[in-house]
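Colleague: I'm new to this one. Could you show it to me and explain the labels you use?

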Amino acid sequence: MRNNTRTCSEAEIVPETRDRALDLAQAFGRVAPLEVDLGCGDGTFLATLAREQPGRNFLGVDWTPSRVRAACRKIGDAHLPNARVLRADNAETLCMLLAPQSVEVCHLLFSDPWPKRRHHERRVFSERFLRAVAHALVPSGLLRVATDHAEYFSAMARIWPLVREFEVCPADEGETGFSTTFEERFRASGARINRVVLRKCGN
């Protein structure tokens, strides 16, 4: 069977088809624990993680072409063989392009809060999203979430208890110590950063 992966630049993965899982061993040239940055933006956080943890593979996901190009440039300029970028949406990535139980850590950092009530349905964080993350995570895998938007975080806190596949980790578990471009901007403005780390239940 043909694999489902080719690279457009050194860093970008372009699926041959979107109806089966990517061959990440081919894309990275090796098998290693995988972390996925859902909404990787300009790739600052992704590149930092990849540089600091060369023994792990890192996949950034974003739908915006300019952000994908920016992330690819950062990875290429830093010569990071353990980082790749995929232009796709989160649902497609989690449900179709990643094999079940193939990811150790997912990061959802500063996703759009869509603050107007009529736009809340566009928010990424939902029961459906959490179940898709659980599908992709290995047992005991982690979902790291951060937002500067207090109301959005309160809405998240009402959702995650509904998905029994997850439990809340201690506050400092799974933290990386690294910041995204958005986090640095929010901190500079004095915004409070809200975080949670969720662990997929199972051994």
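**Burial and salt bridges**

Modeller: Sure, and keep in mind that the model is predicted. Let's start with the cover over the buried residues of α2, which includes β3 (34–38), β4 (57–62), α3 (65–78), β5 (83–87), β6 (103–109) and β7 (137–147). Those buried residues of helix α2 (residues 44–52) are Phe45, Leu46, Ala47, Thr48, Leu49 and Ala50.

Colleague: What makes glutamate 92 and arginine 18 a salt bridge?

Modeller: Their closest N and O atoms are 3.0 Å apart, and the cut-off is within 4 Å, so the pair counts. The two sit in distant parts of the chain, 74 residues apart: glutamate 92 is in helix α4 (residues 90–97), arginine 18 in the loop between β2 (12–15) and α1 (24–28).

Colleague: Why is glutamate 92 called buried?

Modeller: Buried means under 20% relative accessible area; glutamate 92 has 18%, so the label fits. Arginine 18 has 33%, and because that falls between 20% and 50%, arginine 18 is partly exposed.

Colleague: How do you know that arginine 123 and glutamate 151 form a salt bridge?

Modeller: Their closest N and O atoms are 2.5 Å apart, so they also meet the 4 Å cut-off. Arginine 123 lies in the loop between β6 and α5 (127–136) and glutamate 151 in helix α6 (residues 150–159), so this pair ties together parts 28 residues apart in sequence.

Colleague: And is arginine 123 buried or exposed?

Modeller: Buried: its relative accessible area is 9%, and the limit is under 20%.

Key. Residues are numbered from 1 along each chain as its sequence is written. This is a predicted model: local features need pLDDT of at least 70, side-chain atom pairs count only at pLDDT 80 or more; totals for chains, interfaces and linings use all residues. Side-chain values use heavy atoms; hydrogens and water are left out. Buried means under 20% relative accessible area, exposed over 50%, partly exposed in between (1.4 Å probe, protein chains only). Helices (H or I, at least four residues) and strands (E, at least two) are DSSP runs, numbered from the N terminus. Contact means heavy atoms within 4.5 Å. A salt bridge is a side-chain nitrogen of Lys or Arg within 4 Å of a carboxyl oxygen of Asp or Glu.
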